[in-house]
Amino acid sequence: MDAIDRKILTELQQDGRLSLTDLADRVQLSMSPTHRRLRALEQSGAIAGYRAVIDPEVVGLGFSALVFVTMQQANTATVPAFDAAVAEIPEVIQALRLFGNPDYLLRVAVRDLPAYQRLWDEKLAALPGVQRVESTLVMKTIVDDRPLPL
């Protein structure tokens with residue numbers, strides 16, 4: 001990956017809807033080499049996909065919490081079962097397995113506090129292998145979905 005590839009990635013992180021013509025202009029290449037580089041970045045996995053960034057407040061999901069999960073035992077049976085169960089919960093918008101304690105950090109987005117209580121009672125507390133679930137409510141998001149510093 002060279003400086004031009006990094007420039008392509010930087011431009012697409014800022015605006016994933018750029019036309020090929022606009023992208024080529026911004027990275028100062030003609031369309032053919034820009035297109036070849038773009039396809040190579042997609043095929044290599046450097047570009048994992050394209051998506052719209054949605055404002056959670058506007059769609060009624062402005063309540064978010066960070067959930068810290070400590071496992072009873074983190075072994076070859078419980079970890080895959082927990083991972084699979086978490087992946088099935090649509091309100092979990094990010095799930096990270098951590099070194100140390102706690103074992104997991106989940107970021108959830110729901111409508112309001114009653115919706116979070118239902119999520120906690122019906123899904124989070126029932127996850128396999130869990131010893132303890134603790135949460136912290138997000139007061140304000142300062143940085144979210146920032147582009148990678150290429």
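This passage looks at a helix, a hairpin and the aromatic pairs of a predicted model.

Helix α2 spans residues 20-27, and its buried residues are Leu23, Ala24 and Val27. These three sit on the same side of α2, because the arc they cover around the axis is only 100°. That fits the usual geometry: with 3.6 residues a turn in an α-helix, residues three or four places apart point the same way. The packing partners of the buried α2 residues are α1 (3-14) and α3 (31-44). Right after α2 comes Gln28, with a positive phi near 60°.

Further along, strands β2 (residues 92-97) and β3 (residues 104-110) pair up antiparallel, with five bridges between them. In one of these, Ala95 has Leu106 of β3 as its bridge partner. The two strands make a hairpin with six residues in between, and Gly100 in the turn takes a positive phi of about 90°.

On to the aromatics: the whole structure holds three aromatic pairs. Phe82 and Tyr104 make a tilted pair, since their ring centres are 4.2 Å apart and their planes meet at 40°. This pair ties together distant parts of the chain, with Phe82 in helix α4 (residues 78-87) and Tyr104 in strand β3, 22 residues apart. Both Phe82 and Tyr104 are buried.

Tyr116 and Trp120, by contrast, pair edge-to-face, with ring centres 6.2 Å apart and planes at 65°. They are four residues apart in helix α5 (residues 113-124), so about one helical turn separates them. Tyr116 is buried, at 4% relative accessibility, while Trp120 is partly exposed at 25%. Through ring pairs, Phe63 joins Tyr116 and Trp120 in a cluster.

How values were computed
Residues numbered from 1 in each chain as written. Predicted model: local features only at pLDDT ≥ 70, side-chain atom pairs only at ≥ 80, totals over all residues. Heavy atoms only, no water. Pairing = 2+ DSSP bridges. Buried < 20%, exposed > 50% of the residue type's maximum accessible area, 1.4 Å probe, protein only. Arc of directions from axis to C-beta. Contact = heavy atoms within 4.5 Å. Phe/Tyr/Trp six-rings, centres within 6.5 Å; stacked < 30°, edge-to-face > 60°.
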